[in-house]
Amino acid sequence: MSGIRKPKDDAEKIKARIAIAQGKGTSLEDFIENITGVKPEDEFVQAVKNRIELAHEQEETLDIIALIKQMEELQNQWA
């Protein structure tokens, strides 16, 4: 599972921010494209971001890869 969760403590939050500052992060758009093989539309990226934020607010872990694949499948059904 490729879970997303909020940092456990301040030390973990600092480590994440340092990693991002050192260029070890990737944009959500690039991450989605890596999974789907297609550059996502802005609306798709925003929908994923909204779901991540909801999971954060509800303090739940989110399987980001499964989420993206489910959303892609739904999008393809509606197309």
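**Notes on a predicted model, starting from glutamate 33**

1. Glutamate 33 has a relative accessible area of 32%, so this residue counts as partly exposed. Please keep in mind while reading that the model is a predicted one. Glutamate 33 is part of helix H2. Setting aside residues up to four places away in sequence, its contacts are Val38, Lys39 and Pro40. Glycine 23 sits ten residues from glutamate 33 along the chain, and their C-alpha atoms are 18 Å apart.

2. It may help to step back to the whole chain here. The protein chain has four helices and two strands, and reading from the N terminus the order of elements is β-α-α-α-β-α. Its C-alpha trace spans about 45 × 30 × 20 Å along the principal axes. Of the 79 residues in the chain, 16% are buried. If you take the contacts between residues at least 6 apart in sequence, 56% of them join residues at least 24 apart.

3. Back in helix H2, have a look at threonine 36, which also belongs to that helix. Is threonine 36 buried or exposed? Its relative accessibility is 18%, and the cut-off for buried is under 20%, so threonine 36 counts as buried. A polar atom of the threonine 36 side chain lies 3.0 Å from the backbone oxygen of valine 38. Beyond its neighbours within four places in sequence, threonine 36 is in contact with Ile68 and Glu72.

4. Next, the packing of H2 against H3. Two packed helices are described by the angle between their axes and by the distance between those axes. Here, the axes of helix H2 (residues 28–36) and helix H3 (residues 42–57) come within 10 Å and cross at roughly 105°. An angle of 65 to 115 degrees counts as roughly perpendicular, and H2 and H3 are therefore roughly perpendicular to each other. On the H2 side, the contact is made by Leu28, Glu29 and Ile32, while H3 contributes Phe44, Val45, Val48, Lys49 and Ile52. By type, the residues of this contact comprise six nonpolar and two charged ones, with no polar residues.

5. Which residues form the largest nonpolar core? There are eleven: Ile32, Phe44, Val45, Val48, Ile52, Ala55, Leu62, Ile64, Leu67, Ile68 and Met71. H3 and helix H4 (64–78) each provide at least two residues of this core, and H3 gives the most, with five. For a cross-check with the earlier points, Ile68 of this core is one of the contacts of threonine 36, and Ile32 of the core takes part in the contact of H2 with H3.

6. Helix H4 is also home to leucine 74. With a relative accessible area of 39%, leucine 74 is partly exposed. How far apart in space are leucine 74 and serine 27? From C-alpha to C-alpha they are 22 Å apart, and in sequence 47 residues separate them.

7. A last residue to inspect on your screen is glutamate 59, in the loop between H3 and strand S2 (62–63). Although glutamate 59 is not a glycine, its phi is positive, at about 55°. The relative accessibility of glutamate 59 is 62%, and exposed means over 50%, so this residue counts as exposed.

Note on methods: Residues numbered from 1 in each chain as written. Predicted model: local features only at pLDDT ≥ 70, side-chain atom pairs only at ≥ 80, totals over all residues. Heavy atoms only, no water. Axes fitted to C-alpha atoms, helices over the stretch in contact; angles between N-to-C directions. Parallel < 35°, antiparallel > 145°, perpendicular 65-115°, else oblique. Contact = heavy atoms within 4.5 Å. Nonpolar A, V, L, I, M, F, W, Y, C, P; charged D, E, K, R; others polar. Buried < 20%, exposed > 50% of the residue type's maximum accessible area, 1.4 Å probe, protein only. Polar contact = N/O pair within 3.5 Å; in protein donor to acceptor, adjacent residues only side chain to side chain. Core = buried A, V, L, I, M, F, W, Y, C linked by side-chain atoms within 4.5 Å.
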